[in-house]
Amino acid sequence: MRVAVVGQGYVGVTGAVALARQGHHVTGVERDAARLRSLAAGRAPVSEPGLQDELSLALATGRLRFTSGLAQAHLREPFEVVLITVGSPPAGDGTADLSQVAQALMDAAALLPVPYVVLKSTVPPGTSDGLLGACPHLRDRYAYNPEFLNQGSALDDWTSPARVVVGIRSHDGLPLLRRLYGAPTCPWVVTTPATAEMVKYASNVFLAMKISFANECARLCATPELNTDHVMQGVGLDPRIGHAFLQPGLGYGDSCLPKDTEALAHWAAARGIPTPLLDAVIGVNRAQPGLVREVLRAELGEGLAHSEIAVLGARYEPWSDDMRAAPSRVVVPQLLDEAAGIRIWDPAMAPADLTRFFPGARPCPDLRSAVRGAAAVVVLTEWPETIEADWAELAAALVPPAVVVDGKNCLLPERLRDLPLVYRSVGNRLPARAEASSAEETPSPAPSA
Ligand SMILES: NC(=O)c1ccc[n+]([C@@H]2O[C@H](COP(=O)([O-])OP(=O)(O)OC[C@H]3O[C@@H](n4cnc5c(N)ncnc54)[C@H](O)[C@@H]3O)[C@@H](O)[C@H]2O)c1
């Protein structure tokens, strides 16, 4: 099939590459000149495991090309299907900004002959019906088909989805969609566009709820007699619950859950529908990055001002360069507001990028130089370099009170137990050193992130 994929971000590039691998002739359409140049030169514009290799392979087969001109490409050789994977970022007030979606849909609707149009961007319930009002000729040639891929496993998720959700007005398009996706054997939910739109939001809100629940649980477990890791392990082993998205941390900070939870809350508020659970999920998440400041205030007291703090990692996840809602973007400004001196290191980010995202912080070329002479370390990314570091050496390089705040709960407590540092995590994973000997016999409350 001849397929256009409009919008070459995380979803669009993944989809274009995967569809070309499947044997379709794919044109990736991108309006951003720098991104288009990168794609045309064979460089993946986003960081995603396996994507660069698959992009190179797809380009070598000649089944994948890129352009900024959807209409011109369609004129040369019409597309059977146009997939829309443009952004739906948060507007200033938290609602979904649908301008990219509206523009891309109007561009696709203007094509002759009329292609089949599939919108994959996440949009509030009712968006498709609203937009289709302006292009009724697409009514039977349109599907809303949300994308559920996770960054970090995007290609696999696209190729082997757990389910396909399709919102259509006419079932005539189903055979075409099955051909497009190579008839995956997973269940298909075929429904109306508005319902399919709601499936995507409801799914993301549920995942966000699991994370906020884990974080609230970790607060409840932050006493020496409770072991957060064991509690989450025990809860997650229930097959009705599962371990996924049950890891305490500094809150969900990918590009989807923050914006989608907020957008659905606004959508409901505009209709006068109360959402106490959703509001609580969002509230827990907003407060979560503040735990770092809370712990450092408790441990360093007045000394926090003008203390040197080493921030290890700026990315939300090591494998993703998506910084749109990374907790580091809240944690670092909060610590700078306390007049702390911030050194920041991230092995995947150039000093210029660190300075751009964190003005006022000092970028460091390596982990050791970031830590040397600091009074506290804050771990914000699960970098193997951080987890596997020689923590005895790092502890010796710190100055008292040598606090380590593990915002990802990724350090190995047994490696830190006897070191001259104060370890704090999200929930009480290990008693602080000063309390370690007595904590097992006489539990006492310990401040904990
Ligand atoms: N990122 C994810 O993990 C993920 C997962 C599932 C669903 N989604 C949803 O998929 C959509 C896309 O997400 P993303 O993270 O890939 O977005 P993104 O912002 O990374 O990429 C969107 C791209 O579309 C381009 N674009 C916008 N309008 C265009 C137009 N008219 N013509 C050509 N190019 C255009 C932009 O320049 C940009 O490169 C969003 O609605 C998002 O909520 C994202």
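## Two domains

The C-alpha centres of domain 1 and domain 2 sit 35 Å apart. This is a predicted model, and the domain assignment splits the protein into domain 1, covering 2–191, and domain 2, covering 209–439.

So how do the two halves meet? On the domain 1 side, 19 residues make contact, and they touch 14 residues of domain 2. Between them, domain 1 and domain 2 bury about 1,200 Å², with 52% of that area on carbon and sulfur atoms.

## Where the ligand goes

Where does the ligand lie relative to domain 1 and domain 2? It lies between them, because domain 1 (2–191) and domain 2 (209–439) both give residues to the shell around it.

That shell counts 26 residues, and the ones that come nearest are Glu-30, Ser-88, Thr-122, Gln-151 and Lys-259. Sorted by class, the shell holds 11 polar, 8 charged and 7 nonpolar residues.

## Polar contacts to the ligand

A few side chains are worth a look on screen. Glu-30, already listed among the nearest residues, places a polar side-chain atom 2.5 Å from an oxygen atom of the ligand. Lys-259 is on that list as well, and an N or O atom of its side chain is 2.6 Å from a ligand oxygen. Arg-35 joins in too, with a polar side-chain atom 3.1 Å from an oxygen atom of the ligand.

How much of the ligand's accessible area does the protein cover? On its own the ligand has 830 Å² of accessible area, and the protein covers 91% of that.

## How far to trust it

Mean pLDDT for the protein is 93, and 96% of the residues reach 70 or more. One stretch to watch is 431–449, where the pLDDT is below 50. Those residues still have 34 contacts in the model beyond near neighbours in sequence. Where pLDDT is low, though, the predicted coordinates should not be read in detail.

Notes
Residues numbered from 1 in each chain as written. Predicted model: local features only at pLDDT ≥ 70, side-chain atom pairs only at ≥ 80, totals over all residues. Heavy atoms only, no water. pLDDT = per-residue confidence, 0-100. Contact = heavy atoms within 4.5 Å. Near = heavy atom within 4 Å. Polar contact = N/O pair within 3.5 Å; in protein donor to acceptor, adjacent residues only side chain to side chain. Areas by Shrake-Rupley, 256 points an atom, 1.4 Å probe, with all protein chains shown as cover. Nonpolar A, V, L, I, M, F, W, Y, C, P; charged D, E, K, R; others polar. Domains from an automatic or database assignment. Buried area = accessible area lost by both parts, 1.4 Å probe.
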